[in-house]
Amino acid sequence: MKTVFQSNSELANVFAAQKQFNGRANSMFFQRETAYSYGFHYIAAKFLTANNGEKVCFINKNPYSNSTRKHCQKLWCAIPDGIKVYRLSFGSWIDRDNLPDLIKKEVREIERLLSKQLTARSYFHYVSQAVQLFNDVNDICTLFGLQKIYTCDFKNWVAAINKATEIELKKVNK
């Protein structure tokens, strides 16, 4: 079985198929369910098995460099249809045990996006990013048996939605 690949794209496709133990290319490699960029210090993607037995892929959305961002994008694009993929910010480790901590971090990110929406004058996408992240977090919580979050947990939820609506209406009425 081939373990040295000509390109990072080829490696990403083999990793995404999850049919072999390891592989390496120019500046990426994988072992089992984990793909790395430039070394063990940066996990670019990781497969975890949900409570229902389903494989779920997590892509790191916190790249160190443009080349690492490209690695993560190649991995994202290589994941086959039918496999759930989530982008989270995680450091040098992700597993089932630290998912609750990662969820807390994403909740803080939702709060940050909602707060930014409150001060935005012409940009209304912060709230759509917050809603998408909210939905992803709840999907992950359901898959891994973690406590779900609710919109009422966020003090700025309604105000941010109203602000985004106001901005959008101003654009429409121009």
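Read along the sequence, the protein chain of this predicted model follows the order α-β-β-β-β-β-α-β-α-α-α. The elements comprise 5 helices and 6 strands. The C-alpha trace of the protein chain spans about 60 × 35 × 30 Å along its principal axes. Of its 174 residues, 43% count as buried. Among contacts in the protein chain with a separation of 6 or more, 51% are accounted for by residues 24 or more positions apart.

Helix 1 covers residues 8-17, and its buried residues are Asn8, Leu11, Ala12, Val14, Phe15 and Ala16. Several elements contribute to the cover over these side chains. Among the strands, the cover includes strand 1 (22-24), strand 2 (28-31), strand 3 (34-37) and strand 4 (43-49). Helix 2 (66-78) is also included in the cover of the buried residues of helix 1. Just after helix 1, Gln18 adopts a positive phi of about 55 degrees.

Turning to the C-terminal part of the pattern, which ends in α-α-α, two of the helices were examined as a pair. Packed helices are described by the angle between their axes and the distance between the axes. For helix 4 (residues 125-144) and helix 5 (residues 157-172), the axes come within 10 Å and cross at roughly 135 degrees. Helix 4 is therefore oblique to helix 5, since an angle counts as roughly antiparallel over 145 degrees and as roughly perpendicular from 65 to 115. On the helix 4 side, the contact is made by Val127, Ala130, Val131 and Phe134. Helix 5 contributes Trp157, Ala160, Ile161 and Ala164. By residue class, the contact of helix 4 with helix 5 consists of 8 nonpolar residues, with no polar and no charged ones.

Helix 5 has 16 residues and reaches 23 Å from its first C-alpha to its last. This span is close to the 22 Å expected at 1.5 Å a residue. Within helix 5, Trp157, Ala160, Ala164 and Ile167 are buried. Seen down the axis of helix 5, the buried residues fall within an arc of 100 degrees, and so they line one face of the helix. The elements that cover these buried residues include helix 3 (99-119) and helix 4. On the other side of helix 5, Val158, Lys170 and Val172 are exposed.

Individual positions in helices 3 and 4 were also considered. Val107 is located in helix 3. Val107 counts as buried because its relative accessible area is 18%, below the 20% limit for that class. The C-alpha atoms of Val107 and Phe134 are separated by 7.7 Å, although the two residues lie 27 residues apart along the chain. Phe134 is also one of the helix 4 residues that make the contact with helix 5. Leaving aside residues up to four places away in sequence, Val107 touches Ile149 and Phe154.

Asn138 lies in helix 4. With a relative accessibility of 9%, Asn138 counts as buried. When residues up to four places away in sequence are not counted, Asn138 touches Lys148 and Ile149. Ile149 is thus touched by Asn138 and by Val107.

Definitions and conventions:
Residues are numbered from 1 along each chain as its sequence is written. This is a predicted model: local features need pLDDT of at least 70, side-chain atom pairs count only at pLDDT 80 or more; totals for chains, interfaces and linings use all residues. Side-chain values use heavy atoms; hydrogens and water are left out. Axes are lines fitted to C-alpha atoms, for helices over the stretch in contact, and angles run from 0 to 180 degrees between N-to-C directions. Angles under 35 degrees count as roughly parallel, over 145 as roughly antiparallel, 65 to 115 as roughly perpendicular and the rest as oblique. Contact means heavy atoms within 4.5 Å. Ala, Val, Leu, Ile, Met, Phe, Trp, Tyr, Cys and Pro count as nonpolar, Asp, Glu, Lys and Arg as charged, and the others, Gly among them, as polar. The expected span of a helix is 1.5 Å times one less than its number of residues. Buried means under 20% relative accessible area, exposed over 50%, partly exposed in between (1.4 Å probe, protein chains only). The arc is that of the directions from the helix axis to the C-beta atoms.
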